[in-house]
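Work through the exercises below with the sequence and the model open. Each task is followed by a solution in steps.

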Amino acid sequence: MLAGSTQFETLEQALKHYFGYEEFRPGQRDIITTAIANRDLLVVMPTGGGKSLCFQLPALLKQGVTIVVSPLIALMQDQVQQLADNGIAATFLNSSITTEERRDRAAAIYNGEIKLLYLAPERLNQEFISNFLVDLHQEVGIAGFAIDEAHCVSEWGHDFRPDYRKLSQLRHYFPKVPWLGLTATATDRVRQDIITQLDLREPAIHVASFNRPNLYYEVRRKTTTPYKELLAQVKQSKGAGIIYCLSRKKVDELTTKLQHDGIKVLPYHAGLDSQTRTNNQNSFIRDDVQVMIATVAFGMGINKPDVRFVIHYDLPRNIEGYYQESGRAGRDGEPAHCTLYFGMGDIKTIEYLIAQKIDRETGMALEEEQRIATQQLRRVINYAEATECRRIIQLGYFGESFPGNCDNCDNCKYPRPISDWTIESQKLLSCVARFSKQGRNFGLAYTIDVLRGSKSDRVLKNGHDTLSTYGIGKDRTQNEWRILGRSLLHQGLVDETSDGYSVLTLNSLSWEVLKSQRKVEIAIAPSLPTAETPDISTNTAEIQSLYNRLHKLRKQYADANKVPPYVIFADSSLRLMAQQQPQTLAQFAQISGVGARKLAQYGEMFTGEIRAFRAESGLSVQTESDPTPPLDPSPPRRRDISQTHLETLDMYQRGLSLAEIATKRSVRETTIADHLIKLMECGYEVDIDRIVPPDRATAIAQAMKIVGAERLTPIKEQLGEDYNYEEIKLVRARLSDREIAD
Ligand code: ADP
Ligand code: ZN
């Protein structure tokens, strides 16, 4: 039996009962055990790691009330709402409620009806609240203090809140009550500061890995038309997303453009009044709009677990910021996509901003700050330019060593070959040398023109068609030269003036290259545009269509009750429902995310919808009185799929044709078709419209209705010479057996 509880044998039972989850996430069990043993704790876990549960479950299993300090009203409301939906008595006291309401809540707390009380830090520091707590401790008992977003206590962090500083004063009222600090802060300095400032006593320290395996990281080079690429990406993406821009002005511009192109987006930045900000944020949280366009002002108050993509349309200022902002994707552990758009122009903008860092009073440049900011920028550029696993660089920044080959970043999935471009570099640099011999300097674009033998007026007027380097670079495309030029700049092998003209000048390293004392290696093949993360949430047509129905049901119910949809069920729970199709309450209870309360509250509604769906689809329907067979827990057999299949899927989703894939992989086209068939059979979604036009697919489906889908030959005979076996197999794989049957 668990200490302090008469109800559960194991922590797992308590977890299932209150939260509906089958197992703990890494670290949670240890932390919870330590918390129940009344020891001070510092919990450092990345966003989405599941920190809340680390104090919520102990709160439920211990005597008395647990006090939770949270910096934002929005965060408190969100957590209390989610707890309430799990049938857990939690409440908050803050400035957003009326006096009367406050009185009612205080009464409930005194009556021992509340297990978790959320408070803002400024409240806790008010005298009447400390008196209230002292009383409360005598009457009901305080089980512990949990300080969420504990990095707010540190000036070194990014969200310093002076009120957090005074929290430790509370300790002497309750010397025996344990404290638990929680944060997603990645830097060691802030962690140390939390321990000191919160006066944690010999705390057990739990630092989780900062790797977020479900996030796909990619960097895309800004093309000459970045907006077009962005728009295409957003159109292709499913689910909620955030697009970060550097300035308010860019947020507004991008919002207008995307709205004009029919995407449901709203802006968020510090220049909007607080009502607008709140409204926009709520629309986003409730899935009324798909995308939030925002400055970095947006994020901390956002607990939305089902953000499916985060795009940085501008270069972030440092790696830590990038990690935290992109990390707002996929808190629910489901696949999500983080894209960084990287263009040379961004570097200029940030350099300009850095140069603006001056002391307001003296008007002097803040050299130290400028130096740090420049260094941080360089690290971001290195990240963007890197050819190795993105996780090595990110996690390395936080002092964590990662072995690489994550298989979930652009560099691991589409490794770019490194090539020796020493000769090309010499051509380019000697062209620059010729210019400076004439006492002149030019930018990269012009230099490329000369190398490629352009007949432009400017080149001819300058007489550069007579240079020995004129036209020696015709064998390379303009884009290849551009990539080489940028890479030389980033590697410091040539300089560019920052006087606004950006002309190239040689430095000592350039001369080493020219004298063949130094090799130049670059990853020249631009990384392929990356496919959307395969949407594993919805598989075959049937599952997809049931998933959509459940999604709609959840949204309707959420709107009617004015709560965000994710409060009711996570996407992952809906997916399991669509796959396993529980029809009775006993089956429904087996779905991860369905605890005691959600079973009682939503069981009928969701199983009813599932039964209706099955009836309409001509599938067998069960009622409560039927003996309940256990659910088939095995969704499509993804294990049968090998790397080679997945590579085919990647290429196909990137838009390559069967023939192209076959050539690239040196196999026959039919083999590639077989891969796709296998993928579909195992539940992957493959858009075969590109191979089999819809009218032909319809004809094939018709034929299968007539002669059955079992054997291929009769279908082929029915269709005639004009059709081939590959098409038939593809269409057959796409249609579920049942659709063929009816
Ligand atoms: P953090 O505060 O660390 O960012 P949360 O506490 O908000 O993370 O948890 C992130 C998501 O993970 C939430 O949707 C939460 O319900 C879910 N979650 C937490 N623990 C588990 C678990 N053991 N099993 C499944 N889901 C979990
Ligand atoms: Zn990687």
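**Exercise 1. Ligand contacts**

Which polar backbone atom lies 3.1 Å from an oxygen atom of ligand 1? Extend the answer to other polar contacts and to the shell around the ligand.

Solution. The model is a predicted one.
Step 1: the backbone atom belongs to Gly50, at 3.1 Å from an oxygen atom of ligand 1.
Step 2: taken alone, ligand 1 exposes 570 Å², of which the protein buries 83%.
Step 3: Gly49 also places a backbone N or O atom 3.4 Å from a ligand oxygen, while the side chain of Gln28 has an N or O atom 3.0 Å from a nitrogen of ligand 1.
Step 4: the shell has 14 residues, with Tyr21, Gly48, Lys51, Ser52 and Arg331 coming nearest.
Step 5: sorted by type, the shell residues are four nonpolar, six polar and four charged.

**Exercise 2. Sheet order**

Trace the open sheet of seven strands and identify its edges.

Solution.
Step 1: the strand order is 3-4-2-5-6-1-7, and the pairing is parallel.
Step 2: strand 3 (90-93) and strand 7 (204-207) are the edges, each pairing on one side only.
Step 3: neighbouring strands are turned by 20° against each other on average, direction ignored.
Step 4: strand 2 (residues 65-69) and strand 5 (residues 142-147) run parallel and are joined by five bridges; Thr66 stands opposite Gly144 of strand 5.

**Exercise 3. Domains**

How far apart are the centres of domain 1 and domain 3?

Solution.
Step 1: the domain assignment puts domain 1 at 11-207 and domain 3 at 418-523.
Step 2: taken over C-alpha atoms, their centres are separated by 59 Å.

Definitions and conventions
Residues numbered from 1 in each chain as written. Chains lettered and ligands numbered in written order. Predicted model: local features only at pLDDT ≥ 70, side-chain atom pairs only at ≥ 80, totals over all residues. Heavy atoms only, no water. Domains from an automatic or database assignment. Near = heavy atom within 4 Å. Polar contact = N/O pair within 3.5 Å; in protein donor to acceptor, adjacent residues only side chain to side chain. Areas by Shrake-Rupley, 256 points an atom, 1.4 Å probe, with all protein chains shown as cover. Nonpolar A, V, L, I, M, F, W, Y, C, P; charged D, E, K, R; others polar. Pairing = 2+ DSSP bridges. Helix = DSSP H or I, 4+ residues; strand = E, 2+ residues; numbered from the N terminus. Axes fitted to C-alpha atoms, helices over the stretch in contact; angles between N-to-C directions.
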